[in-house]
Amino acid sequence: MTRAAGALGGQGKRAQLTVVLLVLVVAAVVGAGSRAAGAFERAVAPELGKRTRLIGVIVRAELQRALEQGMPLDAISGLDRYLSQTLGRFAEVERIVVRAANGSTVASAERNAGPTSHALPAVGSYRLIILDGNRGVGEIQIDVNPAFVRTRLREIVLDVLAVGLVAALVALELALLLTAVSVARPLERVSRLVDAQREGDFRDRVAPGGIGALARVADRLNDHATDLAERLAAIPAALRADISARLQARIAEGRPALLRLADVGDIRIALFAFCVATEVAVAFLPVYARSMARPPWLNADLAAAAPLIAYLLAAAIFTPLAGWLAARVGARRLFLISVLPTMLALAGLAGAEHVFEVTLWRAVMAIFYTTATVASQEYALRAGAAQGSTRPLGAFVAVVYSGVFCGAALGGVVAGRLGAGAALYGGVAIALLAGLVGALMMRGPAGDPGRIPAPVAAATAARRDPRLWVLVFGIAAPMSATTAVFVWYLTPLMLTAAGSGPAEVARVVMLYYLAAVLLGPVASTLSDGRTGPRPLVFAGAGLAALALASLSWWGGFWATVAAMCALGTGHALLRAPLYALAQRVDAGRGTAVGALRLAERLGAIVGLASCAWALPRVGAETGLLVLAMLTLAGLMLGAATLARAHRP
Amino acid sequence: MALFWRIWASVTLLTVVVLCIFVGLATMQFGSIHATLVGERLVVLAERTLAPFAAATRLGLPISGVRNAAALLERARQTDEDIIALHVFDGDGRVVHSTITPMPPTLAPDALAARTAANGAPWFRETAVGFIGGVELPARDGGIVVVYPRGGNVTHVRAMLAELALDAGLVVLLTAGLGALLLRWRLGPSIHHFEALDASLRDFERTGWRRAAGKVSAAPVRLGDPPPEVSDLRDRLDAAAAHYRATGRQLATPVTQEGEA
């Protein structure tokens, strides 16, 4: 970045403006969210009450039927057992009491209240008169379980919080776009053009834009170049070469070329929108696939898992090809090419009627998700080549995870309200938006076709370097296997077994992605600074191993939550610096990023397959301990190999 | 100041956009939560209504053969006057008893799809007709469906949208005020910096057209004490403009000479 742009629109100032924007938007979302939580509570209370009252009405109807047979209220046999059964079926009921007309208790059933339940004040009680013909012979009292009501309300608050987080992440991307489009990028362009013209280079012009006088100055500088080019063109051809040679300036022949600058930020909104679009189905896809027609030999569980398996396989197969394609056709074109099939795949998913159609379209989406994300990553790497290598990767990881987080949450909300079709067609619209933004923003030279790495020579050189092998198979593969096994597979199983519902499971899984979104940029900054990538890689791998091993010592909901947070933190510290470290080790051969990408995909598949095979035999605890040991072994091997290579 | 207000307007607009997204999502979320609660209530009713039918099928009777079915269904319907219909269906989804006449031959396609997806568990779904909640007999050879109107839910959702929109409006007003304070406090130096740059760029423009009109006082007007980066950019702009003029003169000379010749 040039001097003025660096000083005025540079990282520091841009970060300040972004922080101010985020503080304001988060304050707005928190303010609106707290009001919404209160409004939700008030609005659902009558419906919760209606259901509890309905239970009372049903119990009363049963009793009245017995009374109609001529049986006195206090002689109905098995009333206590009936009330206990009813209590067992409805979690929101704390106590049911049947009283005679004189107030004496005929029968009652009460939940075995824990200490927390007693500490909570009662939130509702319903009394219904029991009639025998024209006489009131008693009453039923139903007390609402305060813990149940508070659990439901807590879930509502957490749902609002998730929606607020989605809004905040969208705000972050919009804030970054706003600062880039209004100040940083126009100033950078003007500054570059000024420097060129000061040196006598009038061959370029820039796209005018920005706030204040920036656009006018850009127009004027553009006019310098255009005016000189027109005047040179007007000189007779015979004189032109002679004059050009004598000039102390370089002038464009014809119209001055548009100066194209690439920035890591170019990919942000397009990639974010693309990830949101492709991940809208994540929240409901297994249920969606299970509800489809299927052949008799395919059971419901396999039908639910089939799209995920197809997705992972397609992504693994196309990962090496995507890197080559990005170099061959250019990152920009590859990204844009990927948008249309993704839209088709989303529409195909929406219109699917058979589980094979769902699986096929999900596989198609995986192919083009891979090409689009690899294209974005290549763009970011090339755009940020001059800025050090961690920031582009950190930005890439943060954007992908933000998109995954928002897409899953958004898809869940929209599908829950309007159905899966609406969520998927919404995804089509968002994918189209991603394509339009990509076409507008990814115009820098980083999006052009580039040097295609000579695969054989580079791979041979890489094969001889044990450090790259250790990073790929010792660190990257276990990291990816851990994500697939612990985050995607075991956590839902363990939490469901511990009594958590799907919404709670989803919220815990989201913590992993949230850690990556929040801590990824911090890790990038540290990696580019004095800390360097290596300590971050080792610290991240160590924390991940500790998180996995901790589940051998304690279990339950909060243990899983803590392990998820620690694992998310560890991987956030590790992921972008690992790419930076591998690129340094690779020394420009161009194989490190591709190898890491492939290792990540294969690690996930091998991890899931091994887990599915080993889980019934050794159990989840042992499986996680093995993963922890593998991570730790990779860390120690990496430390030893890199230390030996570092020694003179 | 103009720059400050432009940034403030952009920030406020961004807050409005984000809050619009938030209100839209939160309203949808509320609709889902409310629909779930209604659905759960329907399932409770369906479970209790199914009990005598389940007892009959345990004795080996077909579900269509329960003689007092109409009374059982009517009793359940009377627990909530809003209930549209209750249908008892057999294992193939054919309606065998109902509170409405004429009785529909089969369950609606939405209900059949929800039943298939639930795989024997209680289910509910929001459809164009209304909410439908159902439960199955343990052997999946029949069950009961309750149909409930959506009107109440739609009213609740609209009321929530209005309340959230009003709250969001208030929040926008508050954050607009907070934004003005925060921007002035935190970005004051940066805005001053950029305003100095903006002023310098305007002065560069002004100098250009005044020079074109014959003003020859070459020294650019220095506005206050601009930061070094601003002075630097201005110097570079002047250098670029000077190079342009010099090149332009070089280009003009041969043409003039040729014309004179």
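Contact here means heavy atoms within 4.5 Å. Axes are lines fitted to C-alpha atoms, for helices over the stretch in contact, and angles run from 0 to 180 degrees between N-to-C directions. Helices (H or I, at least four residues) and strands (E, at least two) are DSSP runs numbered from the N terminus.

This is a predicted model, in which local features need pLDDT of at least 70 and side-chain atom pairs count only at pLDDT 80 or more, while totals for chains, interfaces and linings use all residues. Residues are numbered from 1 along each chain as its sequence is written, chains are lettered from A and ligands numbered from 1 in the order in which they are written, and side-chain values use heavy atoms, with hydrogens and water left out.

**Exercise 1. Work out the chain B sheet and the helices that lie on it.**

Step 1: Start with the strand order. The sheet is open, with five strands in the order E2-E1-E5-E4-E3 and antiparallel pairing; two strands pair if DSSP finds at least two bridges between them.

Step 2: Find the edges. E2 and E3 (123-126) of chain B each have a single partner strand, so one side of each is left without a neighbour in the sheet. On average, neighbouring strands are turned by 20° against each other, direction ignored.

Step 3: Zoom in on one pair. E4 (residues 131-136) and E5 (residues 142-148) of chain B run antiparallel and are joined by six bridges. Within this region, B:Gly133 stands opposite B:Val146 in E5(B).

Step 4: Add the helices. Helix H2 (residues 69-77) of chain B packs on the sheet, touching E1 (85-90), E2 and E5, and its direction makes about 140° with that of E1(B). H3(B) lies across E1, E3 and E4 of chain B, running at about 140° to E3(B).

Step 5: Check the loop between strand E2 (95-98) and helix H3 (109-118) of chain B, where B:Pro102 is placed. The peptide bond from B:Thr101 to B:Pro102 is cis, with omega near -5°. For background, most peptide bonds are trans.

**Exercise 2. Describe how H13(A) packs against H12(A) and H14(A).**

Step 1: Take H12 (residues 355-383) of chain A. H12(A) and H13(A) pack at about 150°, with their axes 8 Å apart. That makes the two helices roughly antiparallel (under 35 degrees counts as roughly parallel, over 145 as roughly antiparallel, 65 to 115 as roughly perpendicular and the rest as oblique).

Step 2: List the residues. Those in contact include A:Tyr369 and A:Leu381 of H12(A), and A:Phe396 and A:Val400 of H13(A). The contact residues divide into seven nonpolar, three polar and no charged; Ala, Val, Leu, Ile, Met, Phe, Trp, Tyr, Cys and Pro count as nonpolar, Asp, Glu, Lys and Arg as charged, and the others, Gly among them, as polar.

Step 3: Move on to H14. H13 (residues 390-418) and H14 (residues 420-441) of chain A pack at about 135°, with their axes 6 Å apart. H13(A) and H14(A) are therefore oblique to each other. Among the residues making this contact are A:Leu410 and A:Gly411 of H13(A) and A:Ile430 of H14(A). Here the division is eight nonpolar, one polar and no charged.

**Exercise 3. Size up the contact between the two chains.**

Step 1: Count residues. Chain A gives 90 residues and chain B gives 80 residues.

Step 2: Turn to area. About 7700 Å² is buried between chain A and chain B, with carbon and sulfur atoms giving 72%; buried area is the accessible area (1.4 Å probe) that two parts lose on being put together, summed over both.

Step 3: Name the leading contributors. A:Leu24, A:Arg220 and A:Arg417 supply 10% of the area that chain A buries against chain B, more than any other three residues.
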